[in-house]
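Me: Got a minute to go through a model with me? I'd like to start with the sheet and then move on to the charged pairs.

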Amino acid sequence: MQTMPNSPAPTTAPLVPAAAARPALLWAGMLAGLLALSWLAYVWAEQIAIGKLHASGAQKLEMYVSSLETALEKYDFLPRTLELNKDVIRLLNAPGDAELLAAVNQYLEQMNEQAKASAIYITDLNGITRATSNWREKNNFLGDDVSFRPYVQDALRGTPGRFYGIGTTNGEPGYFFAHGIYQNGRMLGVATVKVNIEKLEKSWVQGSDKVMLADENGVVFLTSVPAWKYKSLAPLAPAVRQQLKQTRQYYLQTLDVIPFLSDQRLDDGARIISFRDPAQPTARARTSASLMTHRRLNSPRNWQFLYLSDLSTSRSNAQAAAIFSCMALSFVLLLFFYLRQRRQALDQQLLTKEALQHAYDNLEAMVAERTRALETMTHNLSEEIAVRSQAEQKLHLTQNELFQAGKMAVLGQMSASITHELNQPLTALRTMSDNAVILLERGRVDDVKKNLARIAQIAARMGAITGQLKVFARKSTTSLTSVSISTAIANALFLFERRLEVDKVRFIQRGADDVYALCESNRLEQVLINLFANGLDSMAGCAERRLTVEVSQNDEQVFIRVADSGPGLPEEARQRLFEPFFTTKPQGVGLGLGLAISEQITRQFGGALYAENAVAGGAVFTIELRRAPQEETYV
């Protein structure tokens, strides 16, 4: 009787943890689902609020853009009217007339009062201010040199000048309108109207929302937040800072970066940024988050409006929506997880049984189908390999024919020079042979011998010309060998000796001795001939004609640079130089295949061909090849 109370202990103790684990897992799953749904509700509500803020910000930006454009457009015509005043024209023709200067100053002063502008002034072609509406003020513009300003430079080029900047004389910012002053089609000077647009800031929204107007470089010059004025949205590149320094657009401003704490880009182009309140000290400033909506202005000068909508109210509403959804979904989630837990075991058993039965029934069919698929794939792969092999062979043959056609095109273009080169010795041979007959009849045997020796020399020269043409015209091999760069240059140059003499072109060669590259000699000569021909064509009509070939090398590569003293390569043409059938020559002169073929030849050598403009003028084509020792062949 004393032992029975202790007998059930070994069987009941291990069952307690297992029974307690199931409710814990169930509650954990329910809690996780509830938190996930609450988060989705928060995100959904926040996205709706952000969408509304984005639409509202975009609508307000349209209003601000319209206001800015309206304020600027009414001054756009004003500079053009100044050339209608005869005193202005006379003053620019006679700037030293003091009486005329006083009359023009008063006229500009009256016009400025009527237009309600900041200043109106006239500059000569050197950018020196000759008359101004603020002539009565201590810091007037008379005699100021404003030639460094972009709006003056634009107007002097014949285009209307538009520019925003801080004045270097009185430090007052403004927007400048400039237009040339003409008399009988001849420009005499520039009329400029300066308008103060700072008053637009007063009409912008105050409080939690903020507005900024930035230039094309991201520098904020109008804003409802005074602490952000003349600061940049992102760090400025050194080149941009140098440009702003030259134009003195913001004069003495340091253009620091606005200290945004974070920046998140959304799919619709808007951004969510966070920052500390600039109106409070840094140590106690409250961190705020705002939705940044931007609106870019195509004119003037690619400005952009930025509207910052406060997100605090939107996020509070999203939190309230998340809490409400959490409470509403709690009962549904509890019921769902309860039913799911109850059915899970039975469903799993049924699915496992059905999967096993299906796998067993279809095992043989799956194996057979897989085998057939592999056989079909193997057969298709074999056919594809055969087709690709045939295509590669055809491509190789086509490329060789294209290279040969390129050679024939070069020979065709040089036919006039070659014909002239052969006609001269032929004429000399005919004359000297006739002279030899006459001398022989007169018994002057020594003179006949000299004539015959000269005829032999001329015939050897003609044989060298035709032999070089035959070597260049023959089809190239596909093997790569160690080629002497100096020999290749000499062979290519041989065909241009007559043209260099006729066109009075000075040929310069540097550093080609004892340099060998891995390539095929005939095709390398074809590339050099194309580059020589293009260089000579580009120098037609130039006062100085100079063709330079410079060879250099390092441990792995050889560089052949062919430079001319022509006008150089336009940027648009340089981007398309190696496209087939693209040419800058007149119709009928070239097919546009020379450089395309040359670039493909250098790539087959494992090298490269590229073009650039020299600093001193002219175009430079560079051939990069792999360096090779002497007497070495690669296939």
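Reply: Sure, here is a chat about the sheet, some salt bridges and a surface patch. Keep in mind that this is a predicted model.

Me: OK, the sheet. What's the strand order?

Reply: The order is S2-S1-S5-S4-S3, an open sheet of 5 strands with antiparallel pairing.

Me: And which strands are at the edges?

Reply: Strand S2 (129-132) and strand S3 (161-166), each of which pairs on one side only. On average, neighbouring strands in this sheet are turned by 25 degrees against each other, ignoring direction.

Me: How many bridges hold S3 and S4 in register?

Reply: S3 and strand S4 (residues 173-183) pair over 6 bridges, in the antiparallel sense. As one example, Tyr 164 has Tyr 175 in S4 as its bridge partner.

Me: Which strands does helix H4 lie across?

Reply: Helix H4 (residues 86-93) lies across strand S1 (119-124), S2, S4 and strand S5 (186-195), and it runs at about 80 degrees to S4. Helix H5 (residues 98-115) also packs on the sheet, where it touches S1 and S2, and its direction makes about 55 degrees with that of S2.

Me: Switching to charges. How many salt bridges are there?

Reply: The structure holds 17. One of them joins Arg 162 and Asp 76, with the closest N and O atoms 2.2 Å apart. That pair links distant parts of the chain, 86 residues apart: Arg 162 is in strand S3, while Asp 76 is in the loop between helix H2 (15-73) and helix H3 (78-81).

Me: Is Arg 162 buried or exposed?

Reply: Arg 162 counts as buried because its relative accessible area is 16%, under the 20% cut-off. Asp 76 is partly exposed, at 26%. Those two residues also belong to a network of salt bridges with Arg 80.

Me: What about pairs inside a helix, say Glu 384 and Arg 388?

Reply: Both lie in helix H8, 4 residues apart, about one turn of the helix. Their closest N and O atoms are 2.7 Å apart. Glu 384 is partly exposed at 37% relative accessible area, whereas Arg 388 counts as exposed at 54%.

Me: Last one: which residues make the nonpolar surface patch?

Reply: Phe 331, Val 332, Leu 335 and Leu 339 make that patch, which covers about 400 Å². Leu 339 is found in helix H8 (residues 312-413), and it counts as partly exposed because its relative accessibility is 44%.

Note on methods. Residues numbered from 1 in each chain as written. Predicted model: local features only at pLDDT ≥ 70, side-chain atom pairs only at ≥ 80, totals over all residues. Heavy atoms only, no water. Patch = residues over 30% accessible without salt bridge, like charges linked within 9 Å, V, L, I, M, F, W, Y side chains within 5 Å. Areas by Shrake-Rupley, 256 points an atom, 1.4 Å probe, with all protein chains shown as cover. Salt bridge = Lys/Arg side-chain N within 4 Å of Asp/Glu carboxyl O. Helix = DSSP H or I, 4+ residues; strand = E, 2+ residues; numbered from the N terminus. Buried < 20%, exposed > 50% of the residue type's maximum accessible area, 1.4 Å probe, protein only. Pairing = 2+ DSSP bridges. Axes fitted to C-alpha atoms, helices over the stretch in contact; angles between N-to-C directions. Contact = heavy atoms within 4.5 Å.
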